[in-house]
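Here is a friendly walk through a protein model, going from the whole chain to its strands, its core and one loop residue. Keep the structure open beside you as you read.

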Amino acid sequence: MVVVVTTTERWELGGDLSVARIGYGTMKLTGWPRGERPDRDTSLGILRRAVELGVNHIDTSYYYARDGVSANELIREALHPYPDDLVIVTKVGALVEGADITLPEAEKTGLTPDNLRRGVEANLSSLGLDRMDVVNLRMGDVGAATTASLAGPLETLLALRDEGLIRHIGVSNISADEFAEARKIAPIACVQNLYNLAQRDDDPLVDACAEAGVAYVPFFPVGGFQPVTAEHLQSVAARHGATTPQVALAWLLARSPGILLIPGTGSLAHLEENIAAGTLELTARDLAELG
């Protein structure tokens with residue numbers, strides 16, 4: 001089956017980086033933090049195929065690495081020298097290492113100025129870049145109570161931007177109140193939080209981002225380690241001759257024009273299915289049934 005570029009919808013990330021609304025997340029290429037991973041040749045093929053299909057927004061991090069397999073090094077081997085329009089987004093902050101995730105917010109080692117700098121520099125080095133397009137500040141684990149201010153870490157990233165190491169700054173794992181706080185400190189290009197058809201706690205934040213012209217990038221858009229389940233999802237998929245993940249992705253695209261998707265997969269077939277979700281037009285009936 002020949003698969004063509006399936007969506008022309010784009011978003012100006014940070015106001016000056018034109019990206020297709022369906023991108024690709026690299027975490028599953030390494031099996032980090034748990035799970036199976038594809039072999040190296042398959043991973044390289046997935047990255048190259050994604051770009052062939054029009055993907056120009058790739059999400060990664062230097063801590064997506066396990067047993068000697070690094071997402072950044074795979075990206076570099078597969079795609080360097082990079083296409084002119086390729087936008088690579090990374091993250092630094094909490095969860096720099098496994099133990100960091102269990103610490104209280106104020107004690108997360110990844111949020112210190114030295115470790116934020118090390119994180120940015122590690123991404124640049126492993127990707128073979130002089131400047132990151134976007135660096136997301138990851139504040140904490142999903143659902144964790146927030147006790148640390150974004151001010152200090154954001155000021156560190158602003159200094160790194162002034163040095164020319166970062167083009168745009170995003171934030172991850174934040175609340176609506178933190179989003180408002182962050183925008184008073186730095187220009188925010190995107191928010192990356194947990195959100196999908198079955199997990200909609202961030203509805204107000206999705207709307208706030210749309211109103212502010214800030215991209216909202218949901219991670220685990222089809223459920224992550226637990227596939228999305230929702231009432232009527234299978235019946236809507238059956239009507240369209242689509243898979244349930246495709247419907248879940250199409251719902252996100254319909255939810256807000258500022259939502260950018262970064263579904264990850266270690267399967268070439270699933271990559272093509274995910275990108276093909278851009279052609280799936282949900283009807284008013286579909287959206288009403290999905291709620």
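## The protein as a whole

About 12600 Å² of the protein is exposed, with carbon and sulfur atoms supplying 50% of that area. Please keep in mind that this is a predicted model. Of the 291 residues in the protein, 51% are buried. The secondary structure amounts to 10 helices and 11 strands. Counting contacts with a separation of 6 or more, 75% are between residues 24 or more positions apart.

## Strand S10 and its partners

A good place to start looking is strand S10, residues 188-194. Six of its seven residues are buried, so S10 is largely enclosed by the rest of the structure. It pairs with two strands, as the table shows.

| Pair | Residues of the partner | Bridges | Direction |
|---|---|---|---|
| S9 and S10 | S9: 166-172 | four bridges | parallel |
| S10 and S11 | S11: 215-219 | five bridges | parallel |

On the S9 side, Gly 170 has Cys 190 in S10 as its bridge partner. On the S11 side, Leu 194 stands opposite Phe 219. Helices link these strands along the chain. S9, helix H5 (residues 176-185) and S10 form a right-handed β-α-β unit. From S10 the chain then passes through helix H6 (residues 203-212) to S11, in a β-α-β crossover that is right-handed.

## The nonpolar cores

In soluble globular proteins, nonpolar side chains tend to be buried together. Which residues touch the most other members of the largest nonpolar core here? They are Leu 47, Val 120, Leu 157, Val 171, Val 191 and Val 247, in a core of 69 residues. The element that gives the most to this core is helix H8 (residues 244-255), with six residues. Another core, of 13 residues, lies apart from it and includes Val 19, Val 87, Ala 189 and Leu 260.

Val 171 is worth a closer look. Beyond its neighbours within four places in sequence, Val 171 is in contact with residues including Leu 137, Leu 150, Leu 154 and Ala 182. Ile 188, Cys 190, Val 191 and Gln 192 are also among its contacts.

## A glycine in a loop

Finally, find Gly 278 in the loop between helix H9 (268-276) and helix H10 (284-290). Is Gly 278 buried, partly exposed or exposed? Its relative accessibility is 23%, so Gly 278 counts as partly exposed. Gly 278 and Val 247 are 31 residues apart in sequence, and their C-alpha atoms are 9.8 Å apart in space.

Notes: Residues are numbered from 1 along each chain as its sequence is written. This is a predicted model: local features need pLDDT of at least 70, side-chain atom pairs count only at pLDDT 80 or more; totals for chains, interfaces and linings use all residues. Side-chain values use heavy atoms; hydrogens and water are left out. A nonpolar core is a set of buried Ala, Val, Leu, Ile, Met, Phe, Trp, Tyr and Cys residues joined through side-chain atoms within 4.5 Å. Buried means under 20% relative accessible area, exposed over 50%, partly exposed in between (1.4 Å probe, protein chains only). Helices (H or I, at least four residues) and strands (E, at least two) are DSSP runs, numbered from the N terminus. Contact means heavy atoms within 4.5 Å. Accessible areas come from the Shrake-Rupley method with a 1.4 Å probe; for residues, only the protein chains shown count as cover. Two strands pair if DSSP finds at least two bridges between them. A crossover is right-handed if, with the strands pointing away from the viewer, the path from the first strand over the helix to the second runs clockwise.
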